[in-house]
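I set out to record the charged side-chain pairs in this model and the surroundings of one further residue. The entries follow in the order in which I looked them up.

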Amino acid sequence: MEFIVSQARFEDYERLKVIYNDFIEDMNQYDPADCNMDDEINNWITNALNKKKSVIYIAEVDGDILGFIRLQNKERLEENKTIRYIKLSDLFVAPMFRKMGVASSLINQAYMFARENHIAEIVLNVYETNTKAKDFYVKQDFKFHETLALNRVRMIRELK
């Protein structure tokens with residue numbers, strides 16, 4: 001299957017709502033009784049599309065979004081030096097499109113975005129119990145960096 005990866009735009013808003021809702025359900029964070037879920041989805045999309053330091057890329061075929069990745073430009077201070085990095089905030093591929101290279105293509109887009117912005121590393125946090133995700137990120141050359149609170153680990157991919 002051939003799909004394209006492109007930066008999400010405001011015109012993609014309605015389609016992003018559908019895939020983000022799938023993401024929330026897949027993460028078992030969705031409670032149908034939660035009347036604020038629409039607000040959460042709207043805020044997530046609007047904030048991501050409005051921020052200059054945030055970008056969403058989508059993988060799509062025939063007008064359907066198969067998955068997305070959300071990246072944020074971040075900075076931290078290390079030894080009196082400002083280090084710029086990309087935080088991979090969210091990565092999701094609809095279950096029926098997994099194991100088809102969609103997630104790898106979205107990660108590759110993150111690498112290109114980082115290089116274009118002269119950023120040397122991509123950072124992500126993942127739950128320690130999410131072995132599928134951890135294994136996938138290791139295959140994408142991410143390395144374990146540190147253990148965090150709430151059963152999460154930080155992984156980093158340095159770009160050269």
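**Salt bridges and one arginine**

I began with Glu 11 and Arg 9, whose side chains form a salt bridge at 3.0 Å, N to O. I took a salt bridge to be a side-chain nitrogen of Lys or Arg within 4 Å of a carboxyl oxygen of Asp or Glu. The model is a predicted one, in which local features need pLDDT of at least 70 and side-chain atom pairs count only at pLDDT 80 or more, while totals for chains, interfaces and linings use all residues. Residues are numbered from 1 along each chain as its sequence is written, and side-chain values use heavy atoms, with hydrogens and water left out.

I next looked up accessibility, with buried meaning under 20% relative accessible area, exposed over 50% and partly exposed in between (1.4 Å probe, protein chains only). Glu 11 is exposed at 61%, whereas Arg 9 is partly exposed at 43%.

I then turned to Asp 12 and found its side chain in a salt bridge with that of Arg 15 (2.5 Å, N to O). Is Asp 12 buried or exposed? I recorded a relative accessibility of 2% for Asp 12, so this residue counts as buried. Its partner Arg 15 is partly exposed, at 25%. I also noted that a network of salt bridges links Asp 12, Arg 15 and Glu 60.

For Arg 76 I found a salt bridge to the side chain of Glu 78, at 2.8 Å from N to O. I recorded both residues as partly exposed: Arg 76 has a relative accessible area of 26%, and Glu 78 has 40%. How many salt bridges does the rule give? I entered a count of 9. As a general note, side chains of opposite charge can pair when their charged atoms come close.

My last entries concern Arg 152, which lies in strand β7, residues 152–158. Strands here are DSSP runs (E, at least two residues), numbered from the N terminus. Arg 152 is partly exposed, with a relative accessibility of 24%. Beyond neighbours within four places in sequence, I listed Asn 125, Val 126, Tyr 127, Glu 128 and Thr 147 as being in contact with Arg 152, where contact means heavy atoms within 4.5 Å. I also noted that the Arg 152 side chain reaches the backbone oxygen of Ala 149 at 3.3 Å. Finally, I looked up Phe 142, which is 10 residues from Arg 152 along the chain; their C-alpha atoms are 15 Å apart.

Terms used
Helix = DSSP H or I, 4+ residues; strand = E, 2+ residues; numbered from the N terminus. Polar contact = N/O pair within 3.5 Å; in protein donor to acceptor, adjacent residues only side chain to side chain.
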